[in-house]
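Visitor: Could you take me through one part of this model up close? I'd like to hear about the sheet and whatever sits against it, told as one connected story.

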Amino acid sequence: MGFHAMAVRRNMLMNRATLMACTLAAGIACAQGQGAYPFKPIRIIVPYASGGGPDFTGREIARAITEGTGQPVVMDNRPGAGATLGHGIGAKAAPDGYTLTLGTIGGLVTGPALLGSRIPYDPVKDFTPIGFATYVPYCLVVNAKLGVNNVRELIAYARSSPAKLNFSSPGVGTPNHLGGAMLTTLTGIELLHVPYKMAAQSLSDLISGTIQLSVSGLMNTVPHEKAGRLKILGVGHTHRIKWLPDLPAVNETIPGYYTTGWWGLVGPAGLPKPIVDKLNPIMNKWLQLPETIQRFQAGGLEIATTTPQGYADMIRNDTQMWRKLIKDTKISVDSLP
């Protein structure tokens, strides 16, 4: 083969190699473009029925993600088993960022603290915290006819009364029940716990006077206080509610008292850090908008944002606190109605 022919052949081989390299590079770029998270719709599992506060919060988070990424978000309501059913489904999802879960105190803290190994997931090991969203304020409330106006008067009344005060909750192990158990632990007063299967019936009996005391969702009780049927003594937060600054926190009278619900966003274990780091600021930016804050406050909720690590710390700390209380007060799953 002559020199000219060899040169032509060498050039052909080089051109072919260049073409193959360009084709491979284009393919990789295309794949990377498709794989840039998110490139398809995202599902958020809400472990409660549609229409309530968790559903509202999930939809606000969905709006934030859609606004921040351009991808639609599908809501998947999976109520049941005290929120542990939905969390169980979320724990088994692929860690690709396309199935997320509205993490709740019931499914991540109080339910596991009460049920232990009876639930099909580990609340710490099987989830990746993404971001906190909102507090769900609880309050200590009494029937107005009881005649007590603050926490100090309630303690004095309970200590001087020969009969135990009836204390209601929507079930054994709920944050409401644990809030009452913490009250007895920190003050030494005795209460007779009356568990209900429905929060509405518990509130109805509190209004009628069949029950004297309860830890209840704040927004459920405010209208009844305004009507003179109930008296709210304080909120279970560590601080006063921003939109009710005149209502004291219970811990102003009973140091260490804390009972509050919360909701946030979690993914399954192994969720890549870049996905977490993308979703967290999207959530935080949306939740800090004045119009978003107004919508949450209208529903009786208080926005609070955190880093992923801050949310993880909250889950761990609350779990340790409630597990200790459940053990110390001998609350057992065997006492479920």
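Guide: Sure, and one definition first, since angles will come up: axes are lines fitted to C-alpha atoms, for helices over the stretch in contact, and each angle, from 0 to 180 degrees, is taken between N-to-C directions. Also keep in mind that this is a predicted model.

Now the sheet. It's an open one with 6 strands in the order 2-1-3-10-4-11, and the pairing is mixed. The edges belong to strand 2 (73-77) and strand 11 (302-303); each has a single partner strand, so one side of each has no neighbour in the sheet. Helix 2 (residues 53-69) packs on this sheet and touches strand 1 (42-46), strand 2, strand 3 (99-104), strand 4 and strand 10, with its direction at about 165 degrees to that of strand 2. Helix 3 (residues 84-91) lies across strand 1, strand 3, strand 4 and strand 10, and runs at about 145 degrees to strand 3.

Let's stay with helix 2 for a moment. Its 17 residues reach 24 Å from first C-alpha to last, close to the 24 Å expected at 1.5 Å a residue. Its buried residues are P54, D55, T57, G58, E60, I61, A62, A64 and I65. To read a list like that, remember that an α-helix has 3.6 residues a turn, so residues three or four places apart point the same way. T57, one of the buried residues of helix 2, makes a good close-up: its relative accessibility is 0%. Leaving aside neighbours within four places in sequence, T57 is in contact with L102, A133, T134, W263, F296 and L301. Just after helix 2 comes G70, with a positive phi of about 85 degrees.

Strand 1 gives you a view from the sheet's side. V46 lies in that strand, and with 0% relative accessibility V46 counts as buried. Beyond its neighbours within four places in sequence, V46 is in contact with P54, D55, G58, M75, D76, N77, R78, P79 and L102. Of these, P54, D55 and G58 are among the buried residues of helix 2. M75 is 29 residues from V46 in sequence, but the two C-alphas are 7.0 Å apart in space.

Next, move to strand 4 (residues 127-136) and strand 10 (residues 261-268). These two run antiparallel and are joined by 8 bridges. One detail to look for: Y135 has W262 as its bridge partner in strand 10. Those two residues turn up again when you look at the rings, since F132, Y135, W262 and Y311 form one aromatic cluster. F132 and Y135 are both buried.

The structure holds 8 aromatic pairs. Take F39 and Y98: the ring centres are 5.7 Å apart and the planes meet at 65 degrees, so the pair is edge-to-face. F39 sits in the loop between helix 1 (3-35) and strand 1, while Y98 is in the loop between helix 3 and strand 3, so the pair ties together parts that are 59 residues apart in sequence. F132 and Y135 pair up edge-to-face as well, at 5.0 Å centre to centre with 65 degrees between the planes.

Back at the F39 and Y98 pair, the two residues differ in how they are covered. F39 is partly exposed because its relative accessibility is 38%, whereas Y98, at 10%, is buried. Y98 has another companion too: K40 lies over the face of its ring, 4.8 Å from the ring centre. While you're in that neighbourhood, look at the peptide bond from Y37 to P38, which is cis with omega near -10 degrees. P38 is in the loop between helix 1 and strand 1.

Last stop: the loop between strand 2 and helix 3, home to both A81 and A83. Why pause here? Most residues other than glycine have a negative phi, and most peptide bonds are trans. A81, though, has a positive phi near 55 degrees, and A83 has a positive one near 80 degrees. Their surroundings contrast: A81 is exposed because its relative accessibility is 58%, while A83 is buried, with a relative accessible area of 2%.

Conventions:
Residues are numbered from 1 along each chain as its sequence is written. This is a predicted model: local features need pLDDT of at least 70, side-chain atom pairs count only at pLDDT 80 or more; totals for chains, interfaces and linings use all residues. Side-chain values use heavy atoms; hydrogens and water are left out. Two strands pair if DSSP finds at least two bridges between them. Helices (H or I, at least four residues) and strands (E, at least two) are DSSP runs, numbered from the N terminus. Contact means heavy atoms within 4.5 Å. Rings of Phe, Tyr and Trp (its six-membered ring) pair if their centres lie within 6.5 Å; planes under 30 degrees apart count as stacked, over 60 as edge-to-face and the rest as tilted. Buried means under 20% relative accessible area, exposed over 50%, partly exposed in between (1.4 Å probe, protein chains only). A charge sits over a ring if NZ of Lys or CZ of Arg is within 6 Å of the ring centre and within 35 degrees of the ring normal. The expected span of a helix is 1.5 Å times one less than its number of residues.
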